Amino acid sequence: KLRIGILISGGGSNMAALVKAAGEADFPAEVAVVVSNRAGAGGLAKAEAAGIATAVIDHKAFPDREAFDAAIDETLAAHGVEFVCLAGFMRLLTEGFVTRWHNRMINIHPALLPLFKGLNTHQRALDAGVKFHGATVHFVRFGMDEGPIIAQGAVPVLASDDAATLAARVLGAEHRIYPLALRLVASGRARVEGEKVVCEDMGEPPGAMI
Ligand code: GAR
């Protein structure tokens with residue numbers, strides 16, 4: 001099984017969805033370590049409760065981004081990590097780190113990329129008046145929220161929505177598409193060709209209406 005490391009900053013519900021999926025016997029990846037840049041991240045307790053090794057690497061303890069990223073790399077190497085999943089990790093990674101993990105690192109973003117890169121995606125979707133919103137799992141490139149798209153989940157935007165209700169609906173989609181995307185990539189059924197992801201043998205479409 002592919003050994004993955006999950007990087008988090010917060011509540012870790014996507015991390016928990018990946019851990020749950022990885023508990024299935026036929027899942028092609030196992031979670032080797034969960035790393036948080038925040039000691040108080042709620043996801044740490046969730047990972048510990050699931051018996052997963054955890055590490056806190058506080059970005060504030062390092063002089064620059066290079067030193068912080070080098071510390072993450074060391075921890076990933078110590079746990080034999082072969083593949084990285086960013087799951088609500090709120091730090092920008094250096095070009096060196098992104099290059100080292102080229103096609104071996106994926107991220108989940110709470111919008112239908114390439115729309116709404118960056119922060120506050122749900123309020124911006126409401127402000128734009130889009131009728132569908134959602135989430136995207138993609139390979140990480142240097143450039144925020146850029147990279148070949150593996151899977152997307154779309155949800156309707158309701159007239160009654162505020163950012164919180166829309167975020168909750170999108171999060172439900174995230175918890176479905178992240179395990180699906182990791183399964184596709186870890187099993188070798190999805191791979192990057194010419195900066196697009198091609199999938200073979202799909203039992204389930206990678207773009208799903210949730
Ligand atoms: C998720 O909605 C994820 O898509 C988003 O943060 C949330 C983390 O929730 N990620 C980003 O905004 C990345 N820039 P979680 O900690 O419960 O998985």
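V56 touches S36, R38, A39 and L44, leaving aside residues up to four places away in sequence. The model in which these contacts are found is a predicted one. V56 belongs to strand β3, which covers residues 54–56. With a relative accessible area of 42%, V56 is partly exposed, because that value falls between the 20% limit for buried and the 50% limit for exposed. V56 and L7 are separated by 49 residues in sequence, and their C-alpha atoms lie 9.9 Å apart in space.

Helix α1 comes next. This helix, residues 13–22, is mostly covered, with 7 of its 10 residues buried. The buried residues are N14, M15, A17, L18, V19, A21 and A22. Which elements do the buried residues of α1 pack against? They pack against the strands β1 (2–8), β2 (29–36), β4 and β5, and against the helices α2 (42–49) and α6.

The aromatic side chains can be followed as a group. Across the whole structure, a search finds 3 aromatic pairs. In one of them, the ring centres of F62 and F68 are 6.1 Å apart and the ring planes are at 55 degrees, so this pair is tilted. The angle lies between the 30 degrees below which planes count as stacked and the 60 degrees above which they count as edge-to-face. The two partners differ in their exposure class: F62 is partly exposed at a relative accessible area of 27%, whereas F68 is buried at 4%.

F68 also pairs with F89, and here the arrangement is stacked, with 6.5 Å from centre to centre and 10 degrees between the planes. Why does the pair tie together parts that are 21 residues apart in sequence? F68 lies in helix α3 (residues 65–78), while F89 lies in the loop between β4 (83–86) and α4 (95–100), so the pair links these two parts. F89 is buried, with a relative accessible area of 8%. Taken together, F62, F68 and F89 form one aromatic cluster.

The backbone has some features to check residue by residue. Most residues other than glycine have a negative phi, and most peptide bonds are trans. Against that background, N103 has a phi near 60 degrees, a positive value in a residue other than glycine. N103 sits in the loop between α4 and β5 and counts as partly exposed at 29% relative accessibility.

A positive phi is also found at N120, where the value is near 55 degrees and the residue is again not glycine. N120 lies in the loop between β5 and α5. Is N120 buried or exposed? At 61% relative accessibility, N120 counts as exposed, because the value is over 50%.

The loop between β5 (105–109) and α5 also holds P114. The peptide bond leading from L113 to P114 is cis, with omega near 10 degrees. L113 can be placed relative to another part of the chain through Q152: the C-alpha atoms of Q152 and L113 are separated by 8.5 Å, although the two residues are 39 residues apart along the chain. Q152 is in strand β7, residues 149–156, and counts as partly exposed at 22% relative accessibility.

The last topic is the packing of α5 on α6. Two packed helices are described by the angle between their axes and the distance between the axes. Helix α5 (residues 121–128) and helix α6 (residues 163–186) pack at an angle of about 110 degrees, and their axes are 9 Å apart. The two helices are therefore roughly perpendicular to each other, since the range for that class is 65 to 115 degrees. The crossing of α5 and α6 is right-handed.

Which residues make the contact? From α5 the contact uses H122, Q123, A125 and L126, and from α6 it uses A163, L166, A167 and V170. By class, the residues of the contact between α5 and α6 comprise 6 nonpolar and 2 polar, with no charged residue. Helix α6 has already appeared above, as one of the elements against which the buried residues of α1 pack.

Methods
Residues numbered from 1 in each chain as written. Predicted model: local features only at pLDDT ≥ 70, side-chain atom pairs only at ≥ 80, totals over all residues. Heavy atoms only, no water. Axes fitted to C-alpha atoms, helices over the stretch in contact; angles between N-to-C directions. Helix = DSSP H or I, 4+ residues; strand = E, 2+ residues; numbered from the N terminus. Parallel < 35°, antiparallel > 145°, perpendicular 65-115°, else oblique. Left-handed = near helix turned anticlockwise from the far one by under 90°. Contact = heavy atoms within 4.5 Å. Nonpolar A, V, L, I, M, F, W, Y, C, P; charged D, E, K, R; others polar. Phe/Tyr/Trp six-rings, centres within 6.5 Å; stacked < 30°, edge-to-face > 60°. Buried < 20%, exposed > 50% of the residue type's maximum accessible area, 1.4 Å probe, protein only.
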